[in-house]
Number of protein chains: 2
Amino acid sequence: MTANSSLVTFLDDLASERPTPGGGGAAAVSGAIGAALVSMVANLTIGKKNYEAVREDLEAVNAKAELLRAELIRAIDEDVVAFNSVMGAYGLPRATDEEKAKRAASIQAALKDATLAPLRAVKACFDVIRLSAAAAEKGNLNVISDAGVAVLSANAGLRSAALNVFINAKAIKDRDFAEKQIAEVNALLAQAAEMTESVYQTVRTKIGS
Amino acid sequence: MTANSSLVTFLDDLASERPTPGGGGAAAVSGAIGAALVSMVANLTIGKKNYEAVREDLEAVNAKAELLRAELIRAIDEDVVAFNSVMGAYGLPRATDEEKAKRAASIQAALKDATLAPLRAVKACFDVIRLSAAAAEKGNLNVISDAGVAVLSANAGLRSAALNVFINAKAIKDRDFAEKQIAEVNALLAQAAEMTESVYQTVRTKIGS
């Protein structure tokens, strides 16, 4: 499992000419880094005497961030499974009409899975962005820059995963299905961009830069 | 060494209430992910028959990306060293005037190092953004989205490392030194934003989204 690789090995695998892990896995890692940093800000705020008023809020933020981190770690490997499934379907025999029909149906089913997997990553990254906003607003001022790094990582993950949704949706014949996923991603991209810049500016203002 | 941790352990350490690894380490990882994906695009382009004309360009891109990845992996641990050095200086004794003067000088020296370390990461991420632009322009169309993920990761790394430059520069008494580093980062932030959006749009156009 990719997530058990060392960081250096993961980066070597990413750089290699093997197709996975690739951008989809990297997107999930970026999102997971964002979720982890939200937890860091929460953990360094909870229990500090000047932050008693936000303790419960940040406990809830941390609980959600931990779930999202686990989901995004799973998404690293789901990306590999989805990619292999599409490649496997393209590799099916196509000598007879029956085989051709079966292959075409398998490709379409695999492409739908390979569109929904990065879409789940997009949504998870979006939720991390929302939590980053809460961390930047309420977190310990000493580690507020980590909330800024969290939102940047999560938004990079979101925009990266979005590219995989677009690529796979493009080859789907069921256009109603495909356009629905594309529209959802475009809406989230726009909202995420606005929230990310707002959180980054909040952080810059708080650190006086 | 953090870079030898598994991905899951790195994320656990990031999320914990220990101050390192934190945003600085995460910034370096984002930059390294960008560099690795530039190499991936190069490795999946070099040797492909439709891309003979760009082979030499992409070999040069890959060589630079590998150096930048190694530099950014080192930066993960340099961030920890710089942080510990600042904390160590703040912890020095201050009973006598002599001790106070020595402590103040140590803090200032450590803060300068802790400003220059993330500044090096900012510059390395900027170079990764430039290489991503070349990868998006010349790379194999089948993996062009990975050039898009590369630029997003590198820019998130750049903006994240920038926050650490700002924080540490703020506490430096040598304002000429501090303002010089801040101005350099602000200039790179602006250029990086423009280049990143340009590469992302190039990639979206090429994948037809």
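## A tour of the helices, from the interface inwards

Start by selecting helix H6 of chain A together with helix H5 of chain B: H6(A) passes H5(B) in a right-handed crossing (the near helix is turned clockwise from the far one by less than a right angle; anticlockwise would be left-handed). The model is predicted, so local features need pLDDT of at least 70 and side-chain atom pairs pLDDT 80 or more, while totals for chains, interfaces and linings use all residues. Residues are numbered from 1 along each chain as written, chains are lettered from A and ligands numbered from 1 in written order, and side-chain values use heavy atoms, without hydrogens or water.

**Stop 1: H6(A) against H5(B)**

Your selection should cover residues 175-206 of chain A and residues 144-170 of chain B, whose axes are 11 Å apart at an angle of about 15° (axes are fitted to C-alpha atoms over the stretch in contact, and angles run from 0 to 180 degrees between N-to-C directions). That angle makes H6(A) roughly parallel to H5(B) (under 35 degrees is roughly parallel, over 145 roughly antiparallel, 65 to 115 roughly perpendicular, the rest oblique).

Now show side chains. From H6(A) come A:Glu197, A:Tyr200, A:Val203 and A:Arg204, and they meet B:Arg159, B:Ala162, B:Leu163 and B:Phe166 of H5(B) (contact means heavy atoms within 4.5 Å). Colour this contact by class and you will find five nonpolar residues, no polar ones and three charged ones (Ala, Val, Leu, Ile, Met, Phe, Trp, Tyr, Cys and Pro are nonpolar; Asp, Glu, Lys and Arg charged; the others, Gly among them, polar).

**Stop 2: the whole interface**

Widen the view to both chains. How many residues of chain A are in contact with chain B? There are 57, and they touch 57 residues of chain B. The area buried between the two chains is about 4,600 Å², with carbon and sulfur atoms giving 66% of that figure (accessible area, 1.4 Å probe, lost on putting the two parts together, summed over both). Pick out A:Leu7, A:Arg159 and A:Leu163: in chain A they lose the most area to chain B, together 15% of what that side buries.

Four salt bridges also run across this interface (a side-chain nitrogen of Lys or Arg within 4 Å of a carboxyl oxygen of Asp or Glu). To see a salt bridge between the chains, select B:Arg69 and A:Asp12, where the closest N and O atoms are 2.8 Å apart.

**Stop 3: a salt bridge inside chain B**

Over all chains, the structure has 22 salt bridges. A good one to visit joins B:Lys138 to B:Asp57, with the closest N and O atoms 3.0 Å apart. The two residues sit in distant parts of the chain, 81 residues apart: B:Lys138 belongs to helix H4 (residues 97-138) and B:Asp57 to helix H3 (residues 55-90).

**Stop 4: inside chain A**

Hide chain B and colour chain A by secondary structure. You should count six helices and zero strands (DSSP runs numbered from the N terminus: helices are H or I, at least four residues; strands are E, at least two). The C-alpha trace spans about 75 × 35 × 30 Å along its principal axes.

Select H4 (residues 97-138) with H5 (residues 144-170) of chain A: their axes are 8 Å apart and the angle is about 160°. H4(A) is therefore roughly antiparallel to H5(A). The crossing of this pair is left-handed, and its contact residues comprise 22 nonpolar, six polar and no charged.

Keep H4(A) and swap its partner for H2(A), residues 23-43; these axes come within 9 Å and cross at roughly 25°. H2(A) and H4(A) are therefore roughly parallel, in a left-handed crossing. Contact residues on H2(A) include A:Gly31, A:Gly34 and A:Val38, while those on H4(A) include A:Cys125, A:Leu131 and A:Ser132. By class, the contact has eight nonpolar, three polar and no charged residues.

**Stop 5: the cis peptide bonds**

Most peptide bonds are trans. Zoom in on A:Thr20 and A:Pro21, though, and you will find a cis peptide bond with omega of about -5°; A:Pro21 lies in the loop between H1 (7-15) and H2 of chain A. In chain B, a cis bond joins B:Thr20 and B:Pro21, also with omega of about -5°, and B:Pro21 sits in the loop between H1 (7-15) and H2 (23-43) of that chain.
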